[in-house]
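Colleague: Please look closely at one part of this structure, the salt bridges, and place them within the chain as a whole. I would like the reasoning step by step.

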Amino acid sequence: MSAGFWTSTDVSPKRKFRFLLTLGNMPDGATWYTKSVGKPKVEISSTPHKFLNHTFKYPGSVTWSDVTATLVDPVSPDAAVNLSRIIRESGYKPPSDVNDTTTISKKNAVAALGAVVITQIDAESTPVETWTLHNAWIKDVAYGDDLSYGADELTDVKLTFVYDFASIETLFA
């Protein structure tokens, strides 16, 4: 009788707390101050076709859902300052006069953020699943919740990424 998943010590399940998020143009890739990140989600639309009293469904277009992440905002490197820099490098510039017509472009937004990679690791830090978000850019940044004298939690920064598609690489594929 062969050993199964639950009786084998050679194989272990993926664990939610073993992950790294790498943001290419953040100091240290933002890996050590990431608290949480969603994994990619894909949706395939359905298009019905009616024939007599039957309905047949066909796959339609593919849409990848936004991915959210929460970072701790350390003093150094300052996540809020670096994310603001990425937004500026995307092309956003507060208007300074009537002739200031600079706008954000996808090319600049993708380049300013750099590669977005979500890696699940095992107990020895070996990557077991790696997701790459292609052409990702920052959709929104929430620079933390309300400040309060009665709270002692760490300050968070919440991000939402949009991207064209995601690809996956696994250790055992």
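Modeller: The protein chain exposes about 11,900 Å² of surface, and carbon and sulfur atoms supply 56% of that area. The model is a predicted one, and every value here is computed from it. Of the 173 residues in the protein chain, buried residues make up 30%.

The overall dimensions come next. Along its principal axes, the C-alpha trace spans about 70 × 55 × 35 Å. The radius of gyration of the protein chain is 21 Å, whereas a compact globule of 173 residues would have one near 16 Å. Among contacts with a separation of 6 or more, 63% are between residues 24 or more positions apart.

The salt bridges also need the secondary structure as a map. The protein chain holds two helices and ten strands. Read from the N terminus, the order of elements is β-β-β-β-β-α-α-β-β-β-β-β.

Now to the salt bridges themselves. Searching the whole structure gives seven of them. One of these joins Glu-129 and Lys-39, whose closest N and O atoms are 2.6 Å apart. The two residues belong to distant parts of the chain: Glu-129 is in strand S7 (residues 127-134), while Lys-39 is in the loop between strand S2 (34-37) and strand S3 (42-51), 90 residues apart. How buried or exposed is Glu-129? Its relative accessible area is 5%, so Glu-129 is buried, since the cut-off for buried is under 20%. Lys-39 has a relative accessible area of 42% and is therefore partly exposed. This pair also belongs to something wider, a network of salt bridges that links Lys-14, Lys-39 and Glu-129.

A second pair is Asp-100 with Lys-93, whose side chains meet in a salt bridge at 3.9 Å, N to O. A salt bridge requires the nitrogen to be within 4 Å of the carboxyl oxygen, so a pair at 3.9 Å is counted. Asp-100 has a relative accessible area of 18% and is therefore buried. Lys-93, at 44% relative accessibility, counts as partly exposed.

A third pair is formed by Asp-164 and Lys-106, with 2.8 Å from N to O. Here too distant parts of the chain are linked: Asp-164 is in the loop between strand S9 (156-162) and strand S10 (165-170), Lys-106 is in helix H2 (residues 106-113), and the two are 58 residues apart. Asp-164 is partly exposed, with a relative accessible area of 37%. Lys-106 also counts as partly exposed, at 42%.

The strand that carries Glu-129 deserves a look as well. S7 is part of an open sheet of four strands in the order S1-S6-S7-S10, with antiparallel pairing. Strand S1 (19-23) and S10 stand at the edges with a single partner strand each, so one side of each has no neighbour in the sheet. From one strand to the next, the twist averages 15 degrees. Strand S6 (residues 116-121) pairs with S7 in the antiparallel sense over six bridges. Within this pairing, Val-117 has Thr-132 in S7 as its bridge partner. As a general point, strands of a sheet pair through backbone hydrogen bonds, either parallel or antiparallel.

On the other side of the Lys-39 loop lies S3. Strand S4 (residues 54-64) pairs with S3 in the antiparallel sense over nine bridges. His-49 stands opposite Phe-56 in S4. S3 and S4 make a hairpin with two residues between them, and Leu-52 in the turn has a positive phi of about 55 degrees.

Last comes the segment after S10, where Leu-171 lies. Leu-171 counts as partly exposed because its relative accessibility is 42%. Setting aside neighbours within four places in sequence, Leu-171 is in contact with Thr-126, Pro-127 and Val-128. From Leu-171 to Pro-59 the distance is 30 Å, C-alpha to C-alpha, with their positions 112 residues apart in sequence.

To return to the request: Glu-129, in S7, is linked to Lys-39 in a loop 90 residues apart, and Asp-164 is linked to Lys-106 in H2.

Note on methods:
Residues numbered from 1 in each chain as written. Predicted model: local features only at pLDDT ≥ 70, side-chain atom pairs only at ≥ 80, totals over all residues. Heavy atoms only, no water. Buried < 20%, exposed > 50% of the residue type's maximum accessible area, 1.4 Å probe, protein only. Pairing = 2+ DSSP bridges. Rg over C-alpha atoms; globule rule 2.2 N^0.38 Å. Contact = heavy atoms within 4.5 Å. Areas by Shrake-Rupley, 256 points an atom, 1.4 Å probe, with all protein chains shown as cover. Axes fitted to C-alpha atoms, helices over the stretch in contact; angles between N-to-C directions.
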